[in-house]
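Student: I would like to go through the reasoning behind some structural labels.
Tutor: Then put the questions after looking at the model.

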Amino acid sequence: MNDLDALIQPHRVHRSLYTDADIFVTEMERIFGGAWVYLAHDSQLPEPNDFITTRMGLRPLILTRDEDGALHGLFNRCAHRASTVCQSECGSARRFQCSYHGWTYSNRGELVNVPFAEGYPPEFDKADHGLALLPRLGTYRGLIFGTLNLDAPTLAEWLGPAGPLIDEFVDRSPAGRVEVRNCQRMIFRGNWKLAWDNAGDGLHPTFAHRSFLVLNERQHGGARSLSQFKASPDDTGMYGLDLGHGHMFVDQRPGLQQSFWETQRPVPGREWYADRISERFGDDAAGVLEMAPGSMVNLSIFPNLLIKGNTLETVDPVSVGETRLHTWVAAAEGAPDEVNVLRMRIAEDFPSLGNPDDLELFERCQQGLAIPEVEWVDMSKGLGHTAEEVTADGVRRAPVTHEGPMRGYLRAWLELMSANAKLTTARAGETSFEKAA
Amino acid sequence: MVEPAASVLDDGLYQRLADMVSADSPDRGPGHTDLRPAVEQALYHEARLLDDRRYRAWLERFTDDCVYWVPLDPVADPRTKVSYFLDDRRRMTDRIGLLETGWAHAQEPPSRTSRTVSNVEAWPTGDGDTLARCSTVVWEHRKDRLNAFASRNEYVLASLGDGWAIRYKIVRLVDCAGDVRKFSFVL
């Protein structure tokens, strides 16, 4: 691991970042432990004593809300013999009992009961044998993050200029909150960073999504979904941002020729629901309908959250060559029901028609990366280009087809991988909590 | 470009679909044996059209007010939950049209499939249609992989004198809550 610097050059990245099992193990510790990692949205566990299970890198985690409403990140590992203590994806529980030998924990992580307690040595103290906890948790506009790194910046500092962009996403809802519904799960045979590269890649839609572009032109005509990438995307004003700390932003809005609603391909129920909205809201109907389509931006919060359309997609690595993507659909709180019904159908549209082509291409990349003697992946587009601007807060802005955002997240990757920060767990009651917004 | 027909999906149709998958719906008892042979032939025919990738002919087997639905939550109301997809005729036509562009990378090379349809049961719906349920396994081979998609399917079939048309098709994948490999052939 001494030569990580040599693997990331200004214009290219070494194939081993995608294929080396040792690098993957280190990433799962240092990136998915040392960064602020997205865990869940608070609407997934709204009530006292609710919980969800997830993973932080390869670490199984139970995120709980105690009876007072406070959040806790409990590692899903019995302090006795390591069995996971919770098997459900979500639910409500005050206690978690290990099925193996009956050790029982509170939803704050305290060990509350050990069966047949006689026989343990005198110094055995239940207070020393609770579940391990995340030492730091934080929230930003309903998004819950955690880190094992006591030296990490504050969550607000970590998000930096990405914070106001999260605000824009959330504030498309009249109530200023989103409510996460259910999730689409998919798995592909490729390294997790292929999905990450793609999230900041405004060069691929013209080619990777040609089927979707051609279909829309043939069937529906006009400036429909993704037509902004049909030819010369950089002439449309669309741009990408390298936000620092690995966060990326792609803004498609300057490329649209009409409203979000007019741009959106027709989805099932479009006419009936648009008519209902028109009847209810009259002259304001156009504004209400604008809430239904996706946000037309891609905001990627390193290392594992892709905010796109109306969805929160988590990048969940399984192994060096396999990755899960879980796409949680967000309803707009305070919006009419009709808007959120349309959001469900819209959230199926590109994901079922367009995303299969993305995943196919990720898998083709992983296949190509298998050749040891062909070592480098090119990411030089826009490097040193005069169109790249650096703003006062250090954000780098470039035309949408440039690869600056990818180079940006790889800098953050290298920093976390090289820093080798001390990662620690906490005991019940020791977690520090940051409400960043 | 031909502007496709408007969607027929409204709140009433959503309610009917939600009722069809509701966990509260009563058991219908054994299927009607007199309906079964003809229903089997309709389902086998549909399976063969899909295995042969004769998608336009497949689409012709559906009514104009049809719905083709692959839920992610097997008992959820589709108004409040996202599905793998819930298509009306317009989006079914798009799904086929996408494959016909020649640029659908996920189907290059295309999948080869063989589907087994079994446990066929049928009941009259009371309004001239027929409700059919079956178990289906689609074996898909593409590149170096053999995948299986197991599902419990529900159909509402409309009688068309000498034949059948599919009004609703619901594919309830057994692993709909798990990690599904993206598919872009027609299930």
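Student: What makes β14 (239–244) and β15 of chain A a pair of strands?
Tutor: The model is predicted. Two strands pair if at least two bridges are found between them. β14(A) and β15(A) have 5 bridges, in the antiparallel sense, so they count as paired under the cut-off of at least two. Within this pair, A:Y239 stands opposite A:D251. The hairpin has 2 residues between the strands, and A:H245 takes a positive phi near 55° there.

Student: Which other strand is joined to β15(A), and in what sense?
Tutor: β16 (residues 297–301) of chain A is joined to β15(A) by 4 bridges and runs antiparallel to it. A:F249 of β15(A) stands opposite A:L299 in β16(A).

Student: How do you know that β15 (residues 247–251) of chain A is mostly covered?
Tutor: A residue is buried if 20 or more other C-beta atoms lie within 10 Å of its own. In β15(A), 5 of 5 residues are buried, so the strand is called mostly covered. A:H247, A:F249 and A:D251 point one way, A:M248 and A:V250 the other, and all are buried. In a regular strand the side chains alternate between the two faces of the sheet.

Student: Why is chain A called as compact as a globular protein of its length?
Tutor: Chain A has 15 helices and 23 strands. Its radius of gyration is 23 Å, and the globule rule gives 22 Å for 437 residues; the two values are close, so the chain is described as that compact. Of its 437 residues, 52% count as buried.

Student: What makes β2 (85–88) and β3 (112–124) of chain B edge strands?
Tutor: The open sheet has 6 strands in the order β2-β1-β6-β5-β4-β3 (chain B), with mixed pairing. β2(B) and β3(B) each have a single partner strand, so one side of each is left without a neighbour in the sheet. The twist averages 20° from one strand to the next.

Student: Which strands of chain B show parallel pairing?
Tutor: β1 (residues 62–70) and β6 (residues 163–173) of chain B run parallel and are joined by 4 bridges. The bridge partner of B:Y68 is B:K169 in β6(B).

Student: How many residues of chain A are in contact with chain B, and which element gives the largest share?
Tutor: 36 residues of chain A are in contact with 36 residues of chain B. α8(A) gives the largest share of the chain A side, 7 residues. By class, that side has 17 nonpolar, 8 polar and 11 charged residues.

Definitions and conventions. Residues numbered from 1 in each chain as written. Chains lettered and ligands numbered in written order. Predicted model: local features only at pLDDT ≥ 70, side-chain atom pairs only at ≥ 80, totals over all residues. Rg over C-alpha atoms; globule rule 2.2 N^0.38 Å. Buried ≥ 20, exposed ≤ 12 C-beta atoms within 10 Å, placed from the backbone. Axes fitted to C-alpha atoms, helices over the stretch in contact; angles between N-to-C directions. Contact = placed C-beta atoms within 7 Å. Nonpolar A, V, L, I, M, F, W, Y, C, P; charged D, E, K, R; others polar.
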